[in-house]
Amino acid sequence: MQDTVRLNNGVEMPRIGYGVYQIPPAMTERCVRDALSLGYRSVDTAQCYGNEREVGAAVRSSGLPRSEVFVTTKLWGGRGYRDTAVSIDGSLKALHLDYMDLLLIHEPTGNFHEIYRAMEDAYKAGKLRAIGVANFLNENYKRLLTTAKIVPAVNQVETHVFRQQRTLRKLLDENGTIHESWSPLACGQNGFFRNPVLKEIGERHGKSIAQVGLRSLYQQGIVIIPKSTHMERMKENMNILDFELNAEEMESLYVLDLDKSQFGWW
Ligand SMILES: NC(=O)c1ccc[n+]([C@@H]2O[C@H](COP(=O)([O-])OP(=O)(O)OC[C@H]3O[C@@H](n4cnc5c(N)ncnc54)[C@H](OP(=O)(O)O)[C@@H]3O)[C@@H](O)[C@H]2O)c1
């Protein structure tokens, strides 16, 4: 039984997924197949990662029913309604799938109201099971809500112990949008894998720094999609369900929040 969260349209999304950013296309099919063999049931790709084709190939050759794997991709560089409609069909073709489980606008660029309208129409046409956004921080998220007919199911934003996004989280909760973390391990920035607070908590629970960082997000109901090309780490990153951080430990992690991007993007 997968551990899932219910999106605002009733679709169930796995709370732990597998991200494929920066995995070269030549390695992607192997990595995604490894992840699926270990029990991951959600894969996060994007048009600009250049590996949608390989993600789709791995899903199709995994032996798993299509309905058991949740596939997310993200639109890149759209300007408006028409090019987005074409771009959605392009992703379906690259993935070689009949539908996508979740489509996100990768960044709040172009006329994102019109881009989103094209996504709403593709959703109504059955090409997408859910739609949402990524990197829409407070103001852009609110702006989109003024025209969206369908409230975004998910907002995928940089979230880890050094950027906890608590203000945005509240806004998303109020509107029924699920908070998804990208770079849940901070992609190693700011000495994440050497952090003494995470290390000390991990030692108490017999868990790694990565597992403590992931658990702290998971425990707050944030969807996580850690990336690793190594099977041992893929396994480690999933193995966070058998321990719990207490209030005091969570408190000691809250103070690690620097409230600013570790990547200088959004
Ligand atoms: N929407 C957006 O704008 C956006 C932006 C960035 C990312 N994302 C999504 O979020 C996913 C995750 O983010 P991310 O890939 O940037 O970073 P991440 O998952 O926070 O960290 C990945 C890095 O940590 C290493 N790692 C993974 N597990 C480890 C472990 N248990 N112990 C030690 N090192 C470990 C990986 O190396 P190895 O691979 O060598 O193990 C890799 O260098 C992406 O793959 C992508 O799907 C979205």
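Author: Axes here are lines fitted to C-alpha atoms, for helices over the stretch in contact, and angles run from 0 to 180 degrees between N-to-C directions. This is a predicted model, in which local features need pLDDT of at least 70 and side-chain atom pairs count only at pLDDT 80 or more, while totals for chains, interfaces and linings use all residues. Residues are numbered from 1 along each chain as its sequence is written.

Reader: How many helices and strands does the protein chain have?

Author: The C-alpha trace of the protein chain spans about 55 × 40 × 30 Å along its principal axes. Its secondary structure (DSSP runs numbered from the N terminus; helices H or I, at least four residues, strands E, at least two) comes to ten helices and ten strands.

Reader: How is H1 oriented to H9?

Author: Helix H1 covers residues 25-38, and its axis lies 10 Å from that of H9. The two pack at an angle of about 45 degrees. That makes H1, relative to H9, oblique (neither under 35, over 145, nor 65 to 115 degrees).

Reader: Which residues of H9 does H1 meet?

Author: The residues of this contact divide into five nonpolar, no polar and two charged. From H1 come Asp-34, Ala-35 and Leu-38. In H9 they meet (C-beta atoms, placed from the backbone, within 7 Å) Met-231, Met-234, Lys-235 and Met-238.

Reader: Which helix gives the largest share of the shell around the ligand?

Author: The shell residues divide into twelve nonpolar, ten polar and four charged. The largest share is three residues, and it comes from residues 231-238, helix H9.

Notes: Ala, Val, Leu, Ile, Met, Phe, Trp, Tyr, Cys and Pro count as nonpolar, Asp, Glu, Lys and Arg as charged, and the others, Gly among them, as polar. Two residues are in contact if their C-beta atoms, placed from the backbone, lie within 7 Å.
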